[in-house]
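Student: Please take one part of this structure and examine it closely, setting it in the context of the whole. I should like a single connected account that goes from the overall model down to individual atoms.

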Amino acid sequence: MMVLAFLLALAGCFALTATMQKHRQQIFRSAPLDGGARFALRALAWLCFVASAAATMQAERFVGIGLVCWFGVFTAAAFVQVMLLSYV
């Protein structure tokens, strides 16, 4: 369940990064997104973050510990994403 939470957080980080002009050009080398597509990607990112938090809380069976673990999972996913962005 924690691997699922990590993958969802990583997908959310990448979706949020794809909405940013600078990083989108760095990764995809394509034209900027219109407002609707940018909003959809941001909504998808937040949906992934919420699903990741829910998966972590389900794995820990306690909301308090689950949120603390989710912050760790989210930090690890953000670190992986930043390292991959600096590699590209």
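**A close look at helix 3**

Tutor: The protein contains four helices and zero strands, so that, by the definition of these elements as DSSP runs, the order from the N terminus reads α-α-α-α. The model is a predicted one. Its mean pLDDT is 89, and 99% of the residues score at least 70. Confidence varies among the elements: helix 1 has the highest mean pLDDT, 94, and helix 2 the lowest, 76.

Some overall values give the setting. Along the principal axes, the C-alpha atoms fill a box of roughly 45 × 30 × 15 Å. Of the 88 residues, 27% are buried. The exposed area is about 5600 Å², with carbon and sulfur atoms supplying 75% of it. Among contacts between residues at least 6 apart in sequence, 65% join residues at least 24 apart.

The part chosen here is helix 3, which covers residues 35-60. Its 26 residues reach 38 Å from the first C-alpha to the last, close to the 38 Å expected at 1.5 Å a residue. After helix 3 comes arginine 61, with a positive phi near 60°. The buried residues of helix 3 are Ala45, Cys48, Phe49, Ser52, Ala53, Ala55 and Thr56, and they pack against helix 1 and helix 4.

Two of these buried residues deserve attention at the atomic level. Threonine 56 counts as buried because its relative accessible area is 0%. Serine 52 counts as buried because its relative accessible area is likewise 0%. A polar atom of the threonine 56 side chain lies 2.9 Å from the backbone oxygen of serine 52. Both ends of this pair belong to helix 3, which holds threonine 56 and serine 52.

The surroundings of each residue can also be listed, apart from neighbours up to four places away in sequence. Threonine 56 touches Met2, Ala5, Gly66, Cys69 and Trp70. Serine 52 is in contact with Ala5, Leu8, Ala9, Trp70 and Val73. Ala5 and Trp70 appear in both lists.

Several of these partners lead to helix 4, which spans residues 63-87. Helix 4 has 25 residues and reaches 36 Å from its first C-alpha to its last, close to the 36 Å expected at 1.5 Å a residue. Its buried residues are Gly66, Trp70, Val73, Ala77, Gln81 and Leu85. Gly66 and Trp70 are among the contacts of threonine 56, while Trp70 and Val73 are among those of serine 52. The cover over the buried residues of helix 4 includes helix 1 (2-18), helix 2 (21-28) and helix 3.

One further buried residue of helix 3 raises a covalent question: how far is the sulfur of cysteine 48 from the closest cysteine sulfur? The distance is 9.6 Å, to cysteine 13, and this is too far for a bond. A disulfide requires the two sulfur atoms to be within 2.5 Å. Cysteine 13, in turn, has cysteine 48 as the holder of its closest cysteine sulfur. Cysteine 48 is counted as buried because its relative accessibility is 11%, and cysteine 13 is buried with a relative accessible area of 7%. The structure as a whole holds zero disulfides.

Definitions and conventions
Residues are numbered from 1 along each chain as its sequence is written. This is a predicted model: local features need pLDDT of at least 70, side-chain atom pairs count only at pLDDT 80 or more; totals for chains, interfaces and linings use all residues. Side-chain values use heavy atoms; hydrogens and water are left out. Helices (H or I, at least four residues) and strands (E, at least two) are DSSP runs, numbered from the N terminus. Buried means under 20% relative accessible area, exposed over 50%, partly exposed in between (1.4 Å probe, protein chains only). A polar contact is a pair of N or O atoms within 3.5 Å; within protein, one must be able to donate a hydrogen and the other to accept it, and residues adjacent in sequence count only if both atoms are side-chain atoms. Contact means heavy atoms within 4.5 Å. The expected span of a helix is 1.5 Å times one less than its number of residues. pLDDT is the predictor's confidence in each residue, from 0 to 100. Accessible areas come from the Shrake-Rupley method with a 1.4 Å probe; for residues, only the protein chains shown count as cover.
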